[in-house]
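Thanks for coming, everyone. Please look at the screen while I walk you through one chain.

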Amino acid sequence: TCGTLIATRDDLGACLDGLPIDEESISLGDAAPYTLSAMLLSVARRRGIPWARLAGTTNQSDYLSLHAALHMWDRLSMPGQKRVLLDHIEWMGAHVPRWNALSIVGQHMQQAGATPAQAMGLTLSSAIQYADDLVARGRDPDVFLQRFSFFFDVSISFFEEIAKFRAGRRLWARIARERFGARDPRALRLRFHAQTSGADLTRQQPLNNI
């Protein structure tokens with residue numbers, strides 16, 4: 001009822017058959033995004049596509065939002081999730097430079113009941129934590145912050161949502177510059193994807209959802 005069963009590399013290869021994975025950006029969203037990423041790299045290698053040509057996002061890699069808002073019982077402990085994520089960011093940065101290894105999810109927070117302003121604040125807080133963790137590993141903010149991506153909700157509060165995104169862009173640029181010392185303009189960007197808030201949809205009156 002919700003997607004396609006992907007258990008092996010061949011399953012993913014069948015899903016991507018005929019698609020130019022070296023030309024299109026791919027988002028891998030799942031409770032096991034690192035496994036899907038490994039499968040994708042294997043599919044690319046089988047097709048003779050250099051990993052440097054792949055572009056996309058490891059969605060659902062923001063374990064803090066999963067624990068805070070989705071109440072998911074992950075396969076790993078919190079320290080384990082942290083280690084896997086940081087290893088993934090470092091490895092993909094070295095081998096798949098166009099890949100966004102981290103998608104920081106404010107959508108989960110807002111769907112769980114946060115206001116637009118709270119969702120932005122919680123999301124940026126998570127981003128700060130992840131950046132602190134990477135700095136502790138000796139990583140350069142001017143490099144890794146360029147690949148940070150964000151994922152937000154858009155509720156029916158039209159003007160409040162506009163204000164949320166405008167404020168978020170300014171706040172994140174200031175945080176990246178003043179807290180982490182980033183100087184490259186690409187490291188200051190709040191690059192985000194957004195989608196309709198499911199909490200605002202009315203299942204019993206589908207015409208309202210148009």
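Which strand does T196 lie in? T196 lies in strand 6. Before we go on, keep in mind that this is a predicted model.

Let's stay with T196 for a moment. Is T196 buried or exposed? Its relative accessibility is 54%. The cut-off for exposed is over 50%, so T196 counts as exposed. Now its contacts. Leaving out residues up to four places away in sequence, T196 touches D153, V154 and L201. Take D153. In sequence, D153 and T196 are 43 residues apart. In space, their C-alpha atoms are 6.0 Å apart. And V154? V154 stands opposite T196 in strand 6.

That brings us to the sheet. Strand 5 covers residues 148-154, and 5 bridges join it to strand 6. The two run parallel. Add strand 4, and you have an open sheet of 3 strands in the order 4-5-6, with parallel pairing. Which strands stand at the edges? Strand 4, residues 102-105, and strand 6, residues 192-196. Each has a single partner strand, so one side of each is left without a neighbour in the sheet. Neighbouring strands here are turned by 25° against each other on average, direction ignored. As a reminder, strands of a sheet pair through backbone hydrogen bonds, either parallel or antiparallel.

A helix lies across this sheet too. Helix 6, residues 116-136, lies across strand 4 and strand 5. Helix 6 runs at about 165° to strand 5.

Now the other sheet. This open sheet has 3 strands in the order 1-2-3, again with parallel pairing. Strand 1 and strand 3 are the edge strands, each pairing on one side only. How many bridges pair strand 1 with strand 2? There are 5 bridges, in the parallel sense. S25 has A55 as its bridge partner in strand 2. Strand 2 and strand 3 pair over 2 bridges, also in the parallel sense. There, T57 has N100 as its bridge partner in strand 3.

Look along strand 1. The side chains alternate. I26 and L28 point to one face and are buried. S25, S27 and G29 point to the other face and are not buried. Helix 2 lies across strand 1, strand 2 and strand 3, at about 145° to strand 1.

Next, the core. The largest nonpolar core has 46 residues. Among those with the most contacts inside it are I21, L40 and W99. Several elements each supply at least two residues, including strand 1, helix 2, strand 5 and helix 8. Pick L40. Leaving out residues up to four places away in sequence, L40 touches L12, L16, I21, I26, L28 and W99. I26 and L28 are the buried residues we just met in strand 1.

On to helix 4, residues 78-95. How many residues does it have? It has 18 residues. From its first C-alpha to its last it reaches 26 Å, close to the 26 Å expected at 1.5 Å a residue. Its buried residues include L85, L86, I89 and M92. Why might such positions share a side? An α-helix has 3.6 residues a turn, so residues three or four places apart point the same way. What do the buried residues of helix 4 pack against? Among their partners are helix 2, strand 2, helix 3, strand 4 and helix 6.

Last topic: charges. A search of the whole structure finds 10 salt bridges. Start with D87 and R137, whose closest N and O atoms are 2.7 Å apart. D87 lies in helix 4, and R137 lies in the loop between helix 6 and helix 7, so the pair ties together parts that are 50 residues apart in sequence. D87 is partly exposed, at 33%. R137 is partly exposed as well, at 32%.

Next door in helix 4 we have E90. The side chains of E90 and R139 meet in a salt bridge, 3.1 Å from N to O. R139 is in the loop between helix 6 and helix 7, 49 residues from E90. Together, R83, D87, E90, R137 and R139 are linked in a network of salt bridges.

One more pair to finish. D132 and R179 form a salt bridge at 2.9 Å, N to O. D132 sits in helix 6 and R179 in helix 8, 47 residues apart. D132 is partly exposed, with a relative accessible area of 28%.

How values were computed:
Residues are numbered from 1 along each chain as its sequence is written. This is a predicted model: local features need pLDDT of at least 70, side-chain atom pairs count only at pLDDT 80 or more; totals for chains, interfaces and linings use all residues. Side-chain values use heavy atoms; hydrogens and water are left out. Two strands pair if DSSP finds at least two bridges between them. Helices (H or I, at least four residues) and strands (E, at least two) are DSSP runs, numbered from the N terminus. Axes are lines fitted to C-alpha atoms, for helices over the stretch in contact, and angles run from 0 to 180 degrees between N-to-C directions. Contact means heavy atoms within 4.5 Å. The expected span of a helix is 1.5 Å times one less than its number of residues. Buried means under 20% relative accessible area, exposed over 50%, partly exposed in between (1.4 Å probe, protein chains only). A nonpolar core is a set of buried Ala, Val, Leu, Ile, Met, Phe, Trp, Tyr and Cys residues joined through side-chain atoms within 4.5 Å. A salt bridge is a side-chain nitrogen of Lys or Arg within 4 Å of a carboxyl oxygen of Asp or Glu.
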